[in-house]
Amino acid sequence: MNPPILERDPSDPQKEKKEGVNPVLKLVLELGPLLVFFFANARGEWLVRKFPVLGEFGGPIFVATGLFMAATAIALIASWLLTRTLPIMPMVSGVVVFIFGALTLYLQDDIFIKMKPTIVNTLFGGVLLGGLFFGRSLLGYVFDSAFRLDAEGWRKLTFRWGLFFLFLAIVNEVVWRNFSTDAWVTFKVWGIMPITLLFTFSQMPLILRHSLDDKASGEEKAGK
């Protein structure tokens with residue numbers, strides 16, 4: 001049987017066996033395009049001098065947008081070559097990048113690329129909260145390789161991340177509408193990541209309470 005194009009459901013026993021990827025490499029594939037975007041925006045004029053063809057895009061933010069799209073495509077292709085599946089959330093983000101990036105370049109209006117995080121985070125937040133409404137904790141697609149939680153733990157974590165994604169959407173709107181493009185790009189790369197890491201670490205007590213690994217270890221000790 002041919003493997004599925006999209007990553008498997010977290011409960012599928014074949015997922016860990018066939019779709020495992022080095023966590024560091026996975027992080028590089030997910031953050032790489034964002035770092036390319038930041039570097040290209042900061043050094044856009046230098047890049048144009050080195051590679052004049054990039055000047056066809058326009059100013060630094062448009063050069064950054066074009067390279068962001070290319071880096072996103074490369075990251076998705078690399079994920080496919082390594083696992084023969086496409087990770088759902090990066091793929092959804094990639095689709096939005098291509099659509100809004102194309103609009104940004106075609107219309108030479110950076111509003112579209114600035115709105116992309118708002119759209120993506122609202123979409124993720126809506127999908128996670130909507131999934132809970134239908135009884136599905138979809139966050140397992142993101143964290144199943146790192147954590148093994150019971151059903152209640154996944155529900156609570158999914159709810160919290162759903163609200164957090166909506167919070168990020170609001171923050172992005174506030175920043176891009178009230179600050180310069182360079183300030184927005186800097187905050188997008190160096191502000192959102194620390195906020196996300198702090199939020200992630202703040203969920204560790206919940207994760208530890210509902211970890212199946214901890215419960216299994218406790219039961220094993222009790223049986224001795």
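## Lys114 and its partner

Lys114 counts as buried, since its relative accessibility is 7%, and the cut-off for that label is under 20%. Keep in mind as you read that this is a predicted model. The side chain of Lys114 meets the side chain of Asp110 in a salt bridge, with N to O at 3.6 Å. Asp110 has a relative accessibility of 17%, so Asp110 counts as buried too. Side chains of opposite charge can pair when their charged atoms come close.

Lys114 also gives a handy reference point for Thr104: the two are ten residues apart in sequence, and their C-alpha atoms are 9.2 Å apart in space.

## Thr104 and its surroundings

Thr104 sits in helix α5, which covers residues 88-107. Is Thr104 buried or exposed? With 0% relative accessibility, Thr104 counts as buried.

Which residues does Thr104 touch, once neighbours within four places in sequence are set aside? The answer is Phe62, Thr65, Asp109, Asp110, Phe112 and Ile113. Asp110 therefore appears in this contact list as well as in the salt bridge with Lys114, while Asp110 itself counts as buried because its relative accessibility is 17%. Within its own helix, Thr104 has a polar link: its side chain reaches the backbone oxygen of Phe100 at 2.8 Å.

## The two sides of helix α5

Geometrically, α5 behaves as expected. Its 20 residues, at 1.5 Å a residue, should span 28 Å, and the end C-alpha atoms are 29 Å apart, which agrees. Right after α5 comes Gln108, with a positive phi near 55 degrees.

The buried residues of α5 are Met89, Ser93, Gly94, Val96, Val97, Phe100, Gly101 and Thr104. Phe100, whose backbone oxygen is reached by the Thr104 side chain, is thus on the buried list together with Thr104. As general background, an α-helix has 3.6 residues a turn, so residues three or four places apart point the same way.

There is also a surface story to tell. A nonpolar patch is formed by Val95, Ile99, Leu103, Tyr106 and Leu107, which together have about 510 Å² of accessible area. Val95, one of the patch members, lies in α5. Val95 counts as partly exposed because its relative accessibility is 42%, and the partly exposed class falls between the 20% and 50% cut-offs.

## Salt bridges in helix α8

How many salt bridges does a search of the whole structure find? It finds three. One of them is the Asp110 and Lys114 pair described above; helix α8, residues 151-178, holds the pair Glu152 and Lys156, and also the residues Glu173 and Arg177.

In the pair of Glu152 with Lys156, the closest N and O atoms are 3.0 Å apart. These two residues are four apart in α8, so about one helical turn separates them. Glu152 counts as partly exposed, at 35% relative accessibility, and Lys156 is partly exposed with a relative accessible area of 34%.

The side chains of Glu173 and Arg177 form a salt bridge with N to O at 2.7 Å. Here again the residues are four apart in α8, about one turn of the helix. The burial labels of this pair are not alike: Glu173 is buried, with a relative accessible area of 18%, whereas Arg177 counts as exposed at 55%.

## Thr118 between α6 and α8

Thr118 has its place in helix α6, residues 111-133. With a relative accessible area of 12%, Thr118 is buried. Its side chain makes a polar contact with the side chain of Asn172, at 2.7 Å.

Beyond its neighbours within four places in sequence, Thr118 is in contact with Ala169, Asn172, Glu173 and Trp176. Glu173 links this spot to the previous section: Glu173 touches Thr118 and meets Arg177 in a salt bridge.

## The chain as a whole

Stepping back, the secondary structure consists of twelve helices and zero strands. Of the 224 residues in the chain, 39% are buried. The accessible surface comes to about 12,800 Å², and 68% of it belongs to carbon and sulfur atoms.

What share of the contacts between residues at least 6 apart in sequence joins residues at least 24 apart? That share is 69%.

How values were computed. Residues are numbered from 1 along each chain as its sequence is written. This is a predicted model: local features need pLDDT of at least 70, side-chain atom pairs count only at pLDDT 80 or more; totals for chains, interfaces and linings use all residues. Side-chain values use heavy atoms; hydrogens and water are left out. Buried means under 20% relative accessible area, exposed over 50%, partly exposed in between (1.4 Å probe, protein chains only). Contact means heavy atoms within 4.5 Å. Accessible areas come from the Shrake-Rupley method with a 1.4 Å probe; for residues, only the protein chains shown count as cover. A polar contact is a pair of N or O atoms within 3.5 Å; within protein, one must be able to donate a hydrogen and the other to accept it, and residues adjacent in sequence count only if both atoms are side-chain atoms. Patches are made of residues with over 30% relative accessible area and no salt bridge: like charges are joined within 9 Å, nonpolar side chains (Val, Leu, Ile, Met, Phe, Trp, Tyr) within 5 Å. A salt bridge is a side-chain nitrogen of Lys or Arg within 4 Å of a carboxyl oxygen of Asp or Glu. The expected span of a helix is 1.5 Å times one less than its number of residues.
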